[in-house]
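Here are my notes on this one, as promised. Have a look at the model first, then see whether you read the strands the way I do.

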Amino acid sequence: MPPRLPNPGRQGAALGALLAVSLVLSGVGSPHPAWADAPGWRFPTAGLPQVLRGFAPPRYDWLPGHRGVDLALVAGQAVRAAADGTVTFAGPVAGQEVITVSHGELRSTYEPVEPAVAVGDKVGAGDVLGWLEPLTGHCGRTCLHWGVLRGETYLDPLSLVDLGPPILLPLGPPVLTAWPVQPVPWLLRPAGGQP
Ligand SMILES: [Zn+2]
């Protein structure tokens, strides 16, 4: 009998986290990367934001895709560092204000954000980087585009943060087969409905 989840709204996040953890622990996929253990990552907002559009990287660099996640914020809302680091860029790119923070092996980017920081500033996780600028057309409403890179490779920022209260479930491949068949294909589609 499958374990019960607290509510349907958490089910996708919980199953996604479970799937990721289970795959890692079962040795499926690439070797466990060091950054997956990066401590202290958090959403660049106060509290858990609504994710308007998920990570949907293109198959090839030259193809369109979504190299980050879009979070629902309101104009003027504080945007915060997702982890400890050093500001390595703060200024306009193609007419849009962008902030980049280096965290050693990883970098995080935030846009469109009016900077409250300058290049070289040390920031801690949760420190205010700036304030969200109004609608730019990226989301159809005001939003924060949050990206994470390792070298030139974009990562899913949601893979680095706690998506909510932990739900204790058994880990490993048997769990995947214990779930009803229906939710699993839904999990395999990127959030936001992108193919
Ligand atoms: Zn975006």
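**Notes on the strands**

1. Start with strand β10, residues 143-150. Six of its eight residues are buried, so β10 is largely enclosed by the rest of the structure. Bear in mind throughout that this is a predicted model.

2. Which strands does β10 pair with? One of them is β2, residues 69-72, which runs antiparallel to β10 and is joined to it by four bridges. If you want a spot to click on, A72 sits opposite C143 of β10.

3. Another partner is β6, residues 106-111: here the pairing with β10 is again antiparallel, and it extends over six bridges. A handy place to check the register is S108, which faces V148 in β10.

4. Then there is β11, residues 153-155, joined to β10 by three bridges and also antiparallel. R150 has T153 of β11 as its bridge partner. The two strands form a hairpin with two residues between them, and G151 in that hairpin has a positive phi near 65°. I'd look at that turn with the backbone shown.

5. As a reminder for the figure legend, strands of a sheet pair through backbone hydrogen bonds, and the pairing can be parallel or antiparallel. The three β10 pairings I listed are antiparallel: with β2, with β6 and with β11.

6. Now for a separate item, the open sheet of three strands. Its order is β3-β9-β7, and the pairing is antiparallel. The edges are β3 (78-80) and β7 (113-115), each of which pairs on one side only. From one strand to the next, the twist averages 45°.

7. Within that sheet, β7 and β9 (residues 128-132) run antiparallel and are connected by three bridges. P115 is a good residue to find here: its bridge partner in β9 is G130.

8. Stepping back to the whole protein, there are three helices and 11 strands. Along the sequence, one helix comes first, the strands follow, and two helices close the pattern: α-β-β-β-β-β-β-β-β-β-β-β-α-α.

9. Two overall figures to finish. Of the 195 residues in the protein, 26% are buried, which is worth setting beside β10, where six of eight are. As for contacts between residues at least 6 apart in sequence, 63% join residues at least 24 apart. The β2 to β10 pairing shows the kind of link I have in mind, with residues 69-72 bridged to β10, itself at residues 143-150.

Notes: Residues numbered from 1 in each chain as written. Predicted model: local features only at pLDDT ≥ 70, side-chain atom pairs only at ≥ 80, totals over all residues. Buried ≥ 20, exposed ≤ 12 C-beta atoms within 10 Å, placed from the backbone. Contact = placed C-beta atoms within 7 Å. Pairing = 2+ DSSP bridges. Axes fitted to C-alpha atoms, helices over the stretch in contact; angles between N-to-C directions.
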